[in-house]
Every structure is written in C-alpha cells, then in structure tokens.
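Let's take a walk through this fold, one sheet and one core at a time. Keep the viewer open and follow along.

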Amino acid sequence: MDNGSPPLRSVASELALLLLRELEPRVADDPELLVSTEAVLSFAAIRHDDPAQWEHWRTILEKYEKSNLIEYMLHQPVRAEDPEWESKADRLIRLAVGTGLELFHDPDQQGWASIRVDGHWENHPVRSRALQLFLLRLYYCDTGESPGTQAIRAAMELFEARALFDGEECPVHLRVAEHGGRLYLDLCDRAWRAVEIDDEGWRVVDRPPAKFRRTRGSQPLPEPEHGGSLDELRPFFNVDHHGWILIRAFLVTALRPGFPLPILVAKGEQGAGKSTACRVISSLIDPRTSALRGIPREVRDLTAAARNSWLVCFDNLSRLPEDLADAACRLATGGGFGGRQLYSDHDEAIFDATRPLVFNAIPELGTARPDFLDRALIVEFMALPHELRRDEAHYWSEFSERQPRILGALLDAAVAGIRNLPQVRLERPPRLADFALWVSACEETLGMSRGEFRETYERNRTDVQNLTLEVSPLYAPLRLLAETVFRGTIAELLAQLNELVGEDVRRSSGWPKTPSALGNVLRRMMAYLRSAGIELEFSRQHGGKRTVSIKSPLTS
C-alpha cells in the first residue's frame, strides 16, 4: 500500500546513491567522471530501484553528452561462451581499424581521424557527422545491417580517447599549409589532392603530409597547368600599374601561411568592377560559395568567417566599426580570439590564426584606425568605360578557361620565393617585413623589375599616411600648435584645439570630446604625424601629472 513513503532500496542502491551524491558537485569540472567504473556501476544499481533518482541523473548525463554511452553500457548484453562472439561496437571498431584508420589530435586537443574513402584519404573530426556516416556505411557494407546509435557512439568515444592520448599532435590546416619547408595548396577536389611547392618546382600530390580540413562552402580549384603567365590575369583588374603590382603581391602572399599578412582594400567609384575583382581574387586562392560577405555584426561573426575560410572577403561595407577594424588587424597579423566553449561552463574556445583579408568599398576610408590603414594595400579601381564592359557569362567563361594557367604561374612565383628568400635582404625593413621579404623574393617571377615592389609598397604607405592626415580634423590645428610649440596636459591641449576649430568641427563624430579620447587618437597617429614633421612626446612629471609636447623640427 502506497503511503507516500520513499521507495525501498537495496543496500547496493543506497551505496550507489552515496557515491553519486559525492560525485555530483565534481561533474561540472570533470564530466568524464560520469563514465568512470564506479559511476557506471552506481547507475546500474539505481536504474530500476529508484526511477526518480535515475531520471535526475539522466538529465545530467544528457547535459554532458554522456547519456547515449551510459545507455549503451547498461544495455550491453553479456558475452556468450563462444570465444568468437563480439558485440556490434567491437565489430565496428575492428572494421574501422582494418581500413587503416589513423587517429591524431590537433593543438586544441580535438580528436581527428584520417579515413580511407574510395581510394583516397580524408580528415574529419572524430565527433563529426562525416565520421559517423563513414562508420555506418562501413558496418552496413560488411553486415547488411545498421550497427545502431549506441555502437557508433561507443566506437567514436574510443576513437576520441585514442586520438587524444595515443595519437600524434598535428596541426590541421585550411586551404594552405607549410610543412617540412614546403608549401601546400589544397585543391579541395573529391580526391583530396593538394599542390606541393618547394624550391625545385610544384606538383600535384594524392596524399599531402600536411593535414587539411574542409568546411561547408569550400569549392575546388582547377588542376594547375605549367607554362602560364600572370599577364593572362591582367585584363580582369581595372587598375593602374601600381595597383596591379599590389594585387600580384597580395595573391602570392596568400599562398604562404604563418606570417603577418596585409589587408587588401579596394576603392573606387561605383561600377569600377571592385566586387567582381574581389571574387576573382577569391577564386584564385580559396573559391567558395558566397565568397563575398557583408559587414559582420560583431567580432564573433568575423572569427566565424575566418574559421571557415582561408581568404576572407567583405563587400560593400556601409561602415567600419572600431572593434571590427581592431579584430581585422589581429586576424591579419596573428592574434587570439577567445570565448566560452559551447556546452561548457569553464572551457574557453580559443581561435588563434592569421588570414589574408579583402575589404571592398569602405566609406570614409581615411577615418579608419591608423593601425588598420598601416596594414592596408589600397588599390584604386578606375572608372570602367561602357564600351569595355562585358556580360557576366562571357567574363567568367574567359576567366575559367585561363584559371589553370594563371594558377600555375602564381605557383611558379611561390617556387621562386622559396628558392630566393634565404638570399633576400632589405635595408630598413618596413612594417610587415615578412610580407615585404617574401614578395621581394618572388617579384621577378611575378613580372616585376628588381626593387619595383618595394618602391610601390612605400608609395602605398605614403598615400595611406597622407589620406589619414587629410581627413583628420586634428591635423590642421596640430600643425598650427607645432609651429609655436605646445607643452601641457592633454586636457589643456584639448582646450586649445577646441579654440582653433569651429563648432561644426567640434560637433563632428571624428572630433575627440574628452582628454582620454584625444590621447588615444594621438597615440595612434604619432607615426603619421612624425612623418609629416610634427613631433609628439608624452611624459609624466613629478607627482604623476601626465603631459604632452608638440613641436616641429624647425621649432626644436
């Protein structure tokens, strides 16, 4: 008779509950405790004796994605006396290992598997849908049956443990890689082939030693051909000679990962072919569906794009927020982005990578952060006369026909870069010195004369500096103050600057409203102001008072 009293439990159930109560506070820090021998035996004891407690623990198991594995363990049949009997999970594991399955982990401690599919090798995360379907197909081809979810889950758990604790650590690359002194370009074709590049030449290999991954939207590159020339690419860019040099420099740099990269910025009037040119650049290095993206709503969207693309293109930006400009700088020259890992209260997901970036049509480009512009290759697209316009079908048909030879010519330039780089030396290396060294090593094969790239790059930096100063509302009043020499606090400087401009300037969004905002702007502009003959120096007096001095060389 039910009188509302708690259910009667066996001694084993009572002991199991005692152990689980001690375990529960520790699960958040270490979910693997849920699959320990003691925990599994405890779950088996309470499963029938105390349904309410079992439902409580099933909720916890589902939260930490251990429910299917525990259910499988509790339902696993007792082995028969036949020594050849094996469970579905054991059979599945044996079949997978028999294919030559290779397990490893990346530097972020994620388990990966290299699997042989229809005569070629592919790399997939152990916990991916692709590996799950591979195991399902493998078992069905052998038995004509499905192994069931529990067997697949048990096999994947084992493979992840083997990958993390027994497998080698290998970086997993997206589209391009450097391995053993060679460069690799993933063709992203069905056979998972790649181009291997060294100082002796380039060749297509069936199984590159560098591990590549594929993301949704990745499109294949054509198999490159020898004997091409980058001159075949020239008609697809409506730019002057200097712009053509910068585009070639950006393309060959996008083949070499692991170093700070420039940001390519396309500017020009509407209808100059900027968006189409950006699609051409993407198609040559990292073709994708929907290659051009709109402005990210937040930095997390930018990192998501970088996780899934090697070359990231943003088109028709209506604005360039400061947080996006700052994130783009970190992404171009290398920097980490962190955030809480999904389904975890403690783990942080770190994304640390370098990406070549393309920005098209940034409004008020000169007002962008100086550190963003300092990394920028600004290419001006000229107005396109109506008689030179072509329909899309003819344009892309011609490009596709030339693309294998153009890609081969770009690979030839990378071969020359690897061969020449040890001998290249630059006097007074500029910002992004690795980029300048690499392009200088490639420039003659890129169709440039010796030193032509460095000259064009310095001109680009000068143009960026002039553009920044021309659009800055601070430049003119700072020049006036430098002629008479100013020395005082930031607050006193802001007060004097306010007196030198009109109310409309003071109300504009580009004018600093507080001393701290002014100090931040001046620090970012210091290098450009110095080049223009305005010297700024920040100092701290006795007592901690911060001051700034402004002067020109003529008044020193």
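Strand β7 (residues 182-186) and strand β8 (residues 194-198) run antiparallel and are joined by 4 bridges; strands here are DSSP E runs of at least two residues, helices are H or I runs of at least four, and both are numbered from the N terminus. Two strands pair if DSSP finds at least two bridges between them. Look at L183 and you'll find its bridge partner in β8, I197.

A word on what you're looking at: this is a predicted model, where local features need pLDDT of at least 70 and side-chain atom pairs count only at pLDDT 80 or more, while totals for chains, interfaces and linings use all residues. Residues are numbered from 1 along each chain as its sequence is written, and side-chain values use heavy atoms, with hydrogens and water left out.

Back to the strands. β7 and β8 belong to an open sheet of 4 strands, ordered β6-β7-β8-β9 with antiparallel pairing. β6 (176-179) and β9 (201-205) sit at the edges with a single partner strand each, so one side of each has no neighbour in the sheet. From one strand to the next the twist averages 25°. Helix α13 lies across β7, β8 and β9, at about 35° to β8; angles run from 0 to 180 degrees between N-to-C directions, using axes fitted to C-alpha atoms, for helices over the stretch in contact.

Within α13 you'll find R402. R402 is buried, with a relative accessible area of 18%, where buried means under 20%, exposed over 50% and partly exposed in between (1.4 Å probe, protein chains only). Leaving aside residues up to four places away in sequence, R402 touches E232, P235 and F236, contact meaning heavy atoms within 4.5 Å.

Now for the nonpolar interior. The largest nonpolar core has 61 residues, and those with the most contacts inside it are I197, L233, F237, I285, L311, F381 and F453. Such a core is a set of buried Ala, Val, Leu, Ile, Met, Phe, Trp, Tyr and Cys residues joined through side-chain atoms within 4.5 Å. Helix α13 (residues 392-420) supplies the largest share of this core, 11 residues. A second, separate core holds 46 residues, including I263, V265, L467 and M525.

There's another sheet to visit, an open one of 3 strands in the order β18-β20-β19, again paired antiparallel. Here β18 (486-488) and β19 (535-540) are the edge strands, each with a single partner, and the twist averages 10° from one strand to the next. β19 pairs with strand β20 (residues 546-551) over 6 bridges, and F538 stands opposite V548 in β20. Helix α16 (residues 475-484) lies across β18 and β20, running at about 85° to β20. Helix α17 (residues 490-500) also packs on the sheet, touching β18, β19 and β20, and makes about 135° with the direction of β18.

What about the cysteines? The structure holds 0 disulfides, a disulfide being a pair of cysteine sulfur atoms within 2.5 Å. The sulfur of C170 is too far for a bond, because the closest cysteine sulfur, in C188, is 19 Å away. C278 is in no disulfide either, with the nearest cysteine sulfur, that of C313, 5.7 Å away.
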